[in-house]
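Biologist: I would like a close look at a single part of this structure. Please take me through the helix packing and the space inside, step by step.

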Protein chains: 2
Amino acid sequence: MSISPRQLEERKMRQERILAGALSVFKSKGLDGATMDEIANTSGFGKATIYYYFKSKEDVFSAILVDGWKNIWESLEPVISEDSSPRTTFVSVLIKIAENAQNRPGLFEFLFDVPKAIKLDNQPWKEYQNRLYAIIQGLLDDGIKQNEFPQINPKLMFKALGGLFMGLVFMGDKKDPVTDKDIESLLNELIRDPKLNN
Amino acid sequence: MSISPRQLEERKMRQERILAGALSVFKSKGLDGATMDEIANTSGFGKATIYYYFKSKEDVFSAILVDGWKNIWESLEPVISEDSSPRTTFVSVLIKIAENAQNRPGLFEFLFDVPKAIKLDNQPWKEYQNRLYAIIQGLLDDGIKQNEFPQINPKLMFKALGGLFMGLVFMGDKKDPVTDKDIESLLNELIRDPKLNN
DNA sequence: TTACTTTTCGACTCATCATTCGAAAATATA
DNA sequence: TATATTTTCGAATGATGAGTCGAAAAGTAA
């Protein structure tokens, strides 16, 4: 007999506890500023115990991001494989991401914002990130071709909508979360569908 | 006799040389990743010499940002005090910033992008940054009130335009710089002036 | 209870810098 | 030229913090 299912589960819970503590430390201090001692204290373990569960500080950092992106991606897949017009799918994707972000606000801000400044050899989460960006860019490309969006350089459109979307999602206070309708109406207000002329 | 004007000027040039070297190091390694040794080598001085001109690594970092923002601000002031409609002034401000960015691309990307992740006690450049953001936000507020922009939450508009603008400016390759017309036409295409109905 | 595995941890090691020192070179001044 | 000031720098200093060690506690199984 080696390891019972319960043991495995407990182990995973401890890992998650560590990651939660680490997230809060990373968010306030950054990757370099965070110390393993502080992560250990915050998550309620001794320093050496952290190393029992993770190989290195960077490993902890990585795990947070990979975990987070994996979740996003799983919730996104059904929406993407839906077979609708680019603009419709686009809106659904944004709404789905916003939902995710609402569930774990601290995490998602981190996911999208923080890792820009980071210099690591392995950035396994980048793969998810790039895949998502590629999808969105593709939807914009197609949407513009099909005249569902204004005729603008798609890459620019991407940047603009990126800023807009981040603003929308991370601005929504906890009390006043962003609704599906918010996203849809904002997008329709700001980025007109040329085929409708209201 | 203490210090001749030429001496002062040379001193300033040496400081600038250091800042230029430091910028390139900070850009590739970040504030924490950069070492004084590397900054010294890159800028062609001995390490101790850097300390002759600057109090600390953070001081070097700060100086880069304060310098940069001071320049932006000086070039911006005349445009802002111009007395035109919010939308017009808004466009002029963006154009002026884009011009600045074109002159020293490396610097401006740093100015707008990097310091988000930084944790320093004194962030004197923040004052400039906030002043600029306040101006822009004010222009948007007024523009929306005067119905020169779509009726959208001004803070959201700010975020969206922020993303758009960054994309525009920092995307423009050196070969194919962004022109005034680019900015103006893009803005007019994407963000309609409700008073014109084309 | 006893033997075995998993988990926990504080103290230690070791490398990496930021910063300082003190002396020398270069330059200015008389 | 002789003296004073400014500039330069490599070598020490000291702090910090990532990662390791070895032992003990806690849990499991018989």
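Modeller: What follows covers the largest cavity, then two helix pairs. Keep in mind that this is a predicted model.

Start with the cavities. The structure holds four of 30 Å³ or more. The largest has a volume of about 50 Å³. Which residues line the largest cavity? They are Leu94(A), Leu161(A), Leu164(A), Phe165(A), Leu168(A), Ile183(A), Leu186(A) and Leu187(A). Look at their character. Eight are nonpolar, with no polar and no charged residues in the lining.

Now see where the lining comes from. Two helices of chain A, H8 (154–171) and H9 (180–190), each supply at least two of its residues. H8(A) gives the most, with four residues.

Leu94(A) is also part of this lining. Helix H5 of chain A spans residues 86–103. So what does H5(A) pack against? One partner is helix H7 of chain A, residues 125–145. The two axes lie 8 Å apart, at an angle of about 150°. Angles over 145 degrees count as roughly antiparallel, so H5(A) is roughly antiparallel to H7(A). The crossing is left-handed.

Which residues meet there? From H5(A) come Pro86(A), Thr89(A), Phe90(A), Val93(A) and Ile97(A). From H7(A) come Leu132(A), Ile136(A), Leu139(A), Leu140(A), Asp142(A) and Gly143(A). By type, this contact has eight nonpolar residues, two polar and one charged.

Next, turn to chain B. Here helix H5 (residues 86–103) packs with helix H9 (residues 180–190). Their axes come within 9 Å and cross at roughly 135°. That angle makes H5(B) oblique to H9(B). The crossing of H5(B) and H9(B) is right-handed.

Go through the contact one helix at a time. H5(B) brings Arg87(B), Phe90(B), Val91(B), Leu94(B), Ile95(B), Ala98(B) and Glu99(B). H9(B) brings Asp180(B), Ile183(B), Glu184(B), Leu187(B) and Asn188(B). The contact of H5(B) with H9(B) divides into seven nonpolar residues, one polar and four charged.

Now put the parts together. The lining of the largest cavity has eight nonpolar residues and no charged ones. The contact of H5(A) with H7(A) includes one charged residue. The contact of H5(B) with H9(B) includes four.

Technical notes:
Residues numbered from 1 in each chain as written. Chains lettered and ligands numbered in written order. Predicted model: local features only at pLDDT ≥ 70, side-chain atom pairs only at ≥ 80, totals over all residues. Heavy atoms only, no water. 1 Å grid on protein atoms, 1.4 Å probe; cavity = no way out; pocket = protein on both sides within 12 Å on 5 of 7 lines; lining within 4 Å. Points joined across faces, edges and corners; volume = space filled by probe spheres on them. Nonpolar A, V, L, I, M, F, W, Y, C, P; charged D, E, K, R; others polar. Axes fitted to C-alpha atoms, helices over the stretch in contact; angles between N-to-C directions. Parallel < 35°, antiparallel > 145°, perpendicular 65-115°, else oblique. Left-handed = near helix turned anticlockwise from the far one by under 90°. Contact = heavy atoms within 4.5 Å.
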